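Please walk through this protein with the sequence and the model side by side. The paragraphs below move from one region to the next and end with the backbone.

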Amino acid sequence: MKRFQTYFGVPIPPFKEEKLGAGSVTIRFILTGKTPSKKNNQMSVAVRKHARDWVKKQAATGRQPTWKDVHKAISMCKSKVRPNQEYKEWVDKMKPVLQEQSAEWVRRLGHKGLLFPLKKSTLSLRLYFKDRYVTDTVNKQQSIQDLLVAASIIANDDYKSLNPIHSASACYFDELIHDIAFISLSFRL
């Protein structure tokens, strides 16, 4: 039996690592072009519809608004985060690309039982960047994971469904004309 090891006073149990083992299958997907980060460029916007409707009703009565009325109208305003528009457009553009590639994998491996979305798999992601701009690999990885879910390639990207995850990125300045995301999913049929 494996023992706990202690680091900086914290006992660490042996990691519960599942192995795919013999008979696992790896399929690959390719995306080209810039991968936007989902969480960057989100905007907080004011939702004023309820306040505006209430003010119109009050104005129809013909009486002058009081400070209490003004404060009530202001308190009816809510805030919400609007998604990154660049990310939404990228998802709309890339979903059909992944679905076309998944159809090819079904054509090749459907007779062996390949069905999308995959319920459990591992992810290996390689990002090839065409320019010298230093970017955050994890943000790009999260965008790609969410795209895989949106395109029904994987059922979910939680730790029970997509684990382990390995990602790496490198600069290919003057070697590539566009960014490349090379996605490998391994699973048992």
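**A guided reading of the model**

At 42% relative accessibility, Arg-63 counts as partly exposed, because that value falls between the 20% bound for buried and the 50% bound for exposed residues. The structure is a predicted model, and this arginine is a convenient place to enter it. Arg-63 sits in the loop that runs between H1 and H2, and, once residues up to four places away in sequence are set aside, Arg-63 touches Gln-58 and Asp-69. How far apart in space are Arg-63 and His-111, which are 48 residues apart in sequence? From C-alpha to C-alpha, Arg-63 and His-111 are 74 Å apart.

The two helices on either side of that loop come next. Two packed helices are described by the angle between their axes and the distance between the axes. For helix H1, residues 49-61, and helix H2, residues 67-75, the axes come within 8 Å and cross at roughly 150°. H1 is therefore roughly antiparallel to H2, since angles over 145 degrees are counted that way. On the side of H1 the contact is made by Ala-51, Trp-54 and Val-55, and on the side of H2 by Asp-69, Lys-72 and Ala-73. Sorted by class, this contact of H1 with H2 has four nonpolar residues and two charged ones, with no polar residues. Asp-69 thus appears twice in this account, as one of the H2 residues in the helix contact and as a residue touched by Arg-63.

From the helix pair the reader can turn to the interior. The largest nonpolar core has 28 residues, and those with the most contacts inside it are Ile-27, Ile-183 and Leu-185. Two or more residues of this core come from each of strand S3 (24-32), helix H3 (85-109), strand S6 (121-129), helix H4 (137-150) and strand S8 (180-188). H3 gives the most to this core, with seven residues. Which residues does Ile-183 touch, not counting residues up to four places away in sequence? They are Ile-27, Arg-28, Phe-29, Leu-31, Leu-123, Ser-124, Leu-125, Ile-144 and Leu-148.

Leu-31, one of the residues that Ile-183 touches, deserves a closer look. The place of Leu-31 is in strand S3, and the residue is buried because its relative accessible area of 2% is under the 20% limit. Leaving aside neighbours within four places in sequence, Leu-31 is in contact with Trp-90, Met-94, Val-97, Leu-98, Leu-147, Asp-179, Ile-180, Ala-181 and Ile-183. Among these partners, Met-94 is 63 residues apart from Leu-31 along the chain, while the C-alpha atoms of the two are separated by 7.4 Å.

Ser-161 offers a second buried site. It is found in the loop between H4 and strand S7 (162-171), and Ser-161 is buried, with a relative accessible area of 12%. Beyond residues up to four places away in sequence, Ser-161 touches Lys-119, Lys-120, Ser-121 and Asn-156.

The cysteines can be read next. A disulfide is a covalent bond between the sulfur atoms of two cysteines. How many disulfides does a search of the whole structure find? The search finds zero. Cys-77 is partly exposed, with a relative accessible area of 32%, and Cys-171, at 45% relative accessibility, also counts as partly exposed.

Some backbone details remain. Most residues other than glycine have a negative phi, and most peptide bonds are trans. A cis peptide bond, with omega of about 0°, joins Phe-116 and Pro-117, and Pro-117 is found in the loop between H3 and S6. The peptide bond from Asn-163 to Pro-164 is cis as well, with omega near -5°, and Pro-164 is found in strand S7.

Positive phi values complete the reading. Ser-152, which is not a glycine, has a phi near 60°; Ser-152 lies in the loop between H4 and S7 and is partly exposed, with a relative accessible area of 38%. Asp-174, likewise not a glycine, has a positive phi of about 65°, and its place is in the loop between S7 and S8. Is Asp-174 buried or exposed? At 68% relative accessibility, Asp-174 counts as exposed, because that value is over 50%.

Methods:
Residues are numbered from 1 along each chain as its sequence is written. This is a predicted model: local features need pLDDT of at least 70, side-chain atom pairs count only at pLDDT 80 or more; totals for chains, interfaces and linings use all residues. Side-chain values use heavy atoms; hydrogens and water are left out. A nonpolar core is a set of buried Ala, Val, Leu, Ile, Met, Phe, Trp, Tyr and Cys residues joined through side-chain atoms within 4.5 Å. Buried means under 20% relative accessible area, exposed over 50%, partly exposed in between (1.4 Å probe, protein chains only). Helices (H or I, at least four residues) and strands (E, at least two) are DSSP runs, numbered from the N terminus. Contact means heavy atoms within 4.5 Å. A disulfide is a pair of cysteine sulfur atoms within 2.5 Å. Axes are lines fitted to C-alpha atoms, for helices over the stretch in contact, and angles run from 0 to 180 degrees between N-to-C directions. Angles under 35 degrees count as roughly parallel, over 145 as roughly antiparallel, 65 to 115 as roughly perpendicular and the rest as oblique. Ala, Val, Leu, Ile, Met, Phe, Trp, Tyr, Cys and Pro count as nonpolar, Asp, Glu, Lys and Arg as charged, and the others, Gly among them, as polar.
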